[in-house]
Amino acid sequence: MGQFPTRIDINNAVRNKQCYKHSQLRSGSPIFENGRLLQFQGGFSSVFPFILENDKKVALRCWTSYLQDAEERAKILSEYIKALKSDYFVRFVYLDEAIVINGDIHPIIVMNWADGKNLKDYISQHVGEQLTMTKLAIEFRAMVSFFHQQGIAHGDLQHGNIIVDNVGKIKVIDYDSMFISGFENRYDLVKGKLEYQHPARPKNVFLNPKLDYFSELIIYLSILAYNVHPELWNSETEHLLFSKDDLDEHELSDVFAFLLSSSNPKIRHLTTKLKEFLTEQNISSLLPLEEIADDELDIIVNDITSLF
């Protein structure tokens, strides 16, 4: 394989069935909307909604830049997720020689399509609906608890990588940062979206099971805050609740000040914990969500029962 193609080169190849080397791809087709090829752009890849011959909707994912061990990781993770049989993940296969782009043969990842909205769009639709938002908080807590039990980490938890379906069930997508057993000596290359990551994450060297501890607190606290204080919602930002400036200068942050003065004890408690996290110099010192919010779930469940 030669150098990595540009996104335009990839688009042109995806449009042309003659470029597909795999028979199942040649018999399928990408999806167009108003004559334009549908696609989504990630930091290291382009993703295209695609319909296979059996009318099954999938996503084609093509790398746009070099990521050390990406292909080997993808093969291992494909088998791991298949064996895990968890609804929190999307099954995918790695096709080694799948598409010709500018004369070079490139691999493709074919993922099952995850129906639903990303976390931010879902909250935007349901903010102010106390029961729905409470269920979302519980669902998120259950997912990260499952990750901890399995000794795994997604590595890039953020609103764009969390999909919520129409009954409130969640999945994660994009596994370039994922840690599983056996990845201890693999480098932590994709550091995640800054508004969800601890300031020490850029200095982290190897993948490990603690990669999500900071981002899971950010997300969980944000969901609870929007449930109690829906007036905080702002759909125009590129983050969920906390900006990078909030995390870098939390003592001067209006968001931190507001949450610390909230009438809700859960929000005050978790905001204090978030401030404590920000004083740590290494992500290895962070704690999982269930250890800092162990008694919070009972309170949330009690809140739910009062709504019926």
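Visitor: Let's start with a strand pair. In β5, which residue is the bridge partner of Q41?

Guide: Keep in mind that this is a predicted model. Strand β4 covers residues 40–41, and it pairs with β5 in the antiparallel sense over 2 bridges. A hairpin of 3 residues takes the chain from β4 to β5. Look across from Q41 into β5, and the bridge partner you find is S46.

Visitor: Is strand β5 mostly covered or mostly uncovered?

Guide: β5 runs over residues 45–51. A residue is called buried when its relative accessible area is under 20%. Count the residues of β5 that pass that test and you get 6 of 7, so the strand is mostly covered.

Visitor: Which residue of β5 does P30 stand opposite?

Guide: P30 belongs to the short strand β1, residues 29–30. β1 and β5 run antiparallel and are joined by 2 bridges. Across from P30 in β5 sits F50.

Visitor: How many bridges are there between β5 and β6?

Guide: These two strands form a hairpin with 5 residues between them, and D55 there takes a positive phi near 70°. One facing pair to look for is S45 with W63 in β6. The pairing is antiparallel, and its bridge count is 7.

Visitor: Moving along to β6, which residue in β8 stands opposite A59?

Guide: β6 spans residues 57–63, while β8 spans residues 104–112. The two run antiparallel, with 4 bridges joining them. Find A59 and look over to β8: the residue opposite is M111.

Visitor: Which residue in the turn between β7 and β8 has a positive phi?

Guide: β7 takes in residues 92–101 and pairs with β8 in the antiparallel sense over 7 bridges. One pair of bridge partners is V93 with V110 in β8. The hairpin leaves 2 residues between the strands, and the one in the turn with a positive phi, about 55°, is N102.

Visitor: There's another sheet, with β9, β10 and β11. Which strands stand at its edges?

Guide: This is an open sheet of 3 strands, paired antiparallel in the order β9-β10-β11. An edge strand has a single partner, so one of its sides has no neighbour in the sheet. That describes residues 117–118 and residues 170–172, in other words β9 and β11.

Visitor: And which residue in β11 does V164 stand opposite?

Guide: Strand β10 is made of residues 162–164. It runs antiparallel to β11, and 3 bridges join the two. Opposite V164 you'll find I170.

Visitor: At what angle to β11 does helix α5 run?

Guide: Helix α5 covers residues 130–150. Follow it and you'll see that it lies across both β10 and β11. Its direction relative to β11 comes to about 45°.

Visitor: What about H126: is it buried or exposed?

Guide: H126 lies in helix α4, residues 119–126. Leaving aside neighbours within four places in sequence, H126 is in contact with T132 and M133. Its relative accessible area is 14%, and the cut-off is under 20%, so H126 counts as buried.

Visitor: With which side chain does the side chain of H126 make a polar contact?

Guide: Start from the side chain of H126, in helix α4. The contact is polar, at 2.8 Å, and its other partner is the side chain of E129.

Visitor: How far apart are the C-alpha atoms of K273 and L217?

Guide: K273 lies in helix α9, residues 265–278, and is partly exposed, with a relative accessible area of 23%. Leaving aside neighbours within four places in sequence, K273 is in contact with L217 and I292. K273 and L217 are 56 residues apart along the chain, yet their C-alpha atoms are separated by 8.8 Å.

Visitor: Let's step back to the whole chain. What is its radius of gyration?

Guide: The protein chain has 11 helices and 11 strands. For 308 residues the globule rule gives 19 Å, and the chain's own value is close to that, so it is as compact as a globular protein of that length, with a radius of gyration of 20 Å.

Visitor: Last one: what share of the residues in the chain is buried?

Guide: The C-alpha atoms fill a box of roughly 60 × 45 × 35 Å along the principal axes. The accessible surface comes to about 14700 Å², and 47% of that belongs to carbon and sulfur atoms. Of the 308 residues, the buried share is 49%.

Methods:
Residues numbered from 1 in each chain as written. Predicted model: local features only at pLDDT ≥ 70, side-chain atom pairs only at ≥ 80, totals over all residues. Heavy atoms only, no water. Pairing = 2+ DSSP bridges. Contact = heavy atoms within 4.5 Å. Axes fitted to C-alpha atoms, helices over the stretch in contact; angles between N-to-C directions. Buried < 20%, exposed > 50% of the residue type's maximum accessible area, 1.4 Å probe, protein only. Polar contact = N/O pair within 3.5 Å; in protein donor to acceptor, adjacent residues only side chain to side chain. Rg over C-alpha atoms; globule rule 2.2 N^0.38 Å. Areas by Shrake-Rupley, 256 points an atom, 1.4 Å probe, with all protein chains shown as cover.
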